[in-house]
Amino acid sequence: PPTDDIAGICRAQADAERIPDRASEVEKLVKAAISAATIQEVIFAERRYWREVYVSAVIEGATVDGFIDLLYESPDGLVIVEYKTDVVPTEAEIDERMKRYRLQGAAYALAVSETTGQPVTRCAFIFVHAGRAREREIDDLLTAINDVRNEIKRRTTELG
């Protein structure tokens, strides 16, 4: 399983990133992320998944692109997962951050749907900090996707 030898993997990655003195911090973050319900679903339901997925699509004449931390198949469609290591100690602060991340996740969902022809049914953000993970999903993802499309139309109209 992907959870074997977390300490060794984290040390190797910390070395590769030239932060060997932060390997134990990286390990705590990874263990916290793995404990999240969404990640447990990926691991134990043996879903097909892809990490660090580059996505790009032309939407209303504009290019939407980015890197998705984790994309996986669920019985209902594709799921996008983004990890955040923001220092957000309270639930209210996470809710506030989600207002900012809503359009990011919806833009990714729109681009993935456009390029694969498959629906994106969920977009989850996993906030990992201080050894724990807290998850949030974009509420009403379809509305958020439409908001992104409308914003792109508005901006391309202003420019064109």
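Let's start with the parts list: the chain has five helices and five strands. What you are looking at is a predicted model. Reading from the N terminus, the elements follow the order α-α-α-β-β-β-α-β-β-α. The chain has 160 residues, and 39% of them count as buried. Taken along the principal axes, a box of roughly 50 × 30 × 30 Å holds the C-alpha atoms. Parts of the chain that are far apart in sequence also meet: among contacts between residues at least 6 apart in sequence, 59% join residues at least 24 apart.

Now turn to the strands. Five of them make an open sheet in the order E1-E2-E3-E4-E5, and the pairing is mixed. E1 and E5 are the edge strands, each pairing on one side only. From one strand to the next, the twist averages 40 degrees.

The E4 and E5 end of this sheet is a good place to look at the details. These two strands run antiparallel and are joined by six bridges. One pairing to find is that of Phe127, whose bridge partner in E5 is Arg134. E4 and E5 form a hairpin, with two residues between them. Ala130 sits in that turn and has a positive phi of about 55 degrees. Why is a positive phi worth a second look? Most residues other than glycine have a negative phi.

Ala130 is one of several places to look for this feature. In the loop between E1 and E2 you will find Glu60, with a phi near 50 degrees, a positive value in a residue other than glycine. Glu60 counts as partly exposed because its relative accessibility is 37%, which falls between the 20% limit for buried and the 50% limit for exposed. Further along, Asp140 lies in the loop between E5 and H5, and its phi is also positive, near 50 degrees. Glu46, just after H3, takes a positive phi of about 50 degrees as well.

That brings us to helix H3 itself, which spans residues 37-44. Which of its residues are buried? They are Thr38, Ile39, Val42 and Ile43. Seen down the axis of H3, these buried residues fall within an arc of 135 degrees, so they line one face of the helix. A general rule helps here: an α-helix has 3.6 residues a turn, so residues three or four places apart point the same way. On the other side of H3, Ala37 and Phe44 are exposed. What do the buried residues of H3 pack against? Their partners are helix H2 (23-35) and the strands E1 (49-59), E2 (62-74), E3 (77-84), E4 (120-129) and E5 (132-137).

H3 and H2 turn up again when we look for open space. The largest pocket holds about 880 Å³. It is lined by 23 residues, and the closest to its centre are Val30, Ala33, Ile34, Arg51 and Tyr83. Helix H1 (6-16), H2, H3, E1 and E2 are the elements that give two or more residues to this lining. Which element gives the most? That is H2, with five residues.

Our last stop is helix H5, which covers residues 141-159. H5 lies across E1, E2 and E4, and runs at about 95 degrees to E4. Within H5 you can pick out Asp147. Is Asp147 buried, exposed or partly exposed? It counts as partly exposed, because its relative accessibility is 30%. Setting aside neighbours within four places in sequence, Asp147 is in contact with Arg102 and Leu103. Asp147 and Leu103 are 44 residues apart in sequence, yet their C-alpha atoms are 7.8 Å apart in space.

To retrace the route, begin at the sheet with its order E1-E2-E3-E4-E5. Then find the buried face of H3, move on to the largest pocket, to which H2 gives the most residues, and finish at H5, lying across E1, E2 and E4.

Definitions and conventions. Residues are numbered from 1 along each chain as its sequence is written. This is a predicted model: local features need pLDDT of at least 70, side-chain atom pairs count only at pLDDT 80 or more; totals for chains, interfaces and linings use all residues. Side-chain values use heavy atoms; hydrogens and water are left out. Buried means under 20% relative accessible area, exposed over 50%, partly exposed in between (1.4 Å probe, protein chains only). Helices (H or I, at least four residues) and strands (E, at least two) are DSSP runs, numbered from the N terminus. The arc is that of the directions from the helix axis to the C-beta atoms. Contact means heavy atoms within 4.5 Å. Two strands pair if DSSP finds at least two bridges between them. Axes are lines fitted to C-alpha atoms, for helices over the stretch in contact, and angles run from 0 to 180 degrees between N-to-C directions. On a 1 Å grid over the protein atoms alone, a cavity is a set of points where a 1.4 Å probe fits but cannot get out, and a pocket is an open set with protein on both sides within 12 Å along at least five of seven lines; lining residues have an atom within 4 Å of a point. Grid points are joined across faces, edges and corners, and a volume is the space filled by probe spheres set on the points.
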